[in-house]
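This report concerns the packing of one protein chain. The sequence and structure are shown first.

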Amino acid sequence: MVVALLTCLVLVVTLMSCVSDVSRLRIPNTHVMAVLAAFVVAYALSPQSFGVWWHPFAAGAVFLVITYIMFALRMLGAGDAKMGAALALWVGLPGLMAYVMYMAIMGGVIGVASLVIKKRKPFKNPRAGGWIATVQSGGNAVPYGIAITAGAWGAMLHNGFIFHQIDEVIKIIH
């Protein structure tokens, strides 16, 4: 039950991160820390919920190395790299490929949206410092936190993690 509640917390925090990324092009460290802390508590209380004991840690480490390289090459923001690695813990090694696939698809959609917004400038008076204002003024920006969130949610649905948590809650209720 606690793991299910923490999973819900993570889903809410990732939504908040998406809003922050669109409005300010930043993912707050507090959001990353909340996702990480929720994982630590969930894993401590129910390690079996995450499969083979080392899978979450391997996924987090692999994702952190990849996103750190992307950050160093200025392909990704620091908040994106940290949030991506924190969410990889929740996805685990078996879900990592689905995570990357869903993230890449959504990243492409957001990238195309950025190009369209940049070219057509469809919004009047967008909020300064946000994604839309940045691209409409000619800058290059993609709120990749949305893609990271979509990737993690997609992977957690794909590998059945979320459905398993829902089943646990239903068992307790009945």
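## Contacts of Tyr99

Leaving aside neighbours within four places in sequence, Tyr99 is in contact (heavy atoms within 4.5 Å) with Phe63, Met83, Gly84, Leu87, Ala88, Val91, Ile148, Gly151, Ala152 and Ala155. Both Tyr99 and Phe63 are buried (buried is under 20% relative accessible area, exposed over 50%, partly exposed in between, with a 1.4 Å probe and protein chains only).

The model is predicted: local features need pLDDT of at least 70, side-chain atom pairs count only at pLDDT 80 or more, and totals for chains, interfaces and linings use all residues. Residues are numbered from 1 along each chain as its sequence is written, and side-chain values use heavy atoms, without hydrogens and water.

## Helix α2

The buried residues of α2 (helices are DSSP runs of H or I, at least four residues, numbered from the N terminus) are His31, Val32, Val35, Ala38, Phe39, Ala42 and Tyr43. Seen down the axis of α2, these residues fall within an arc of 130° (taken from the directions from the helix axis to the C-beta atoms), so they line one face of the helix. They pack against α1, α3 and α4, while Thr30, Met33, Ala44 and Leu45 are exposed on the other side of α2.

## Aromatic pairs

The whole structure holds 11 aromatic pairs (ring centres of Phe, Tyr and Trp, the last by its six-membered ring, within 6.5 Å; planes under 30 degrees apart are stacked, over 60 edge-to-face, the rest tilted). The rings of Tyr43 and Phe57 have centres 5.1 Å apart and planes at 80°, so this pair is edge-to-face.

Methods. Helices (H or I, at least four residues) and strands (E, at least two) are DSSP runs, numbered from the N terminus.
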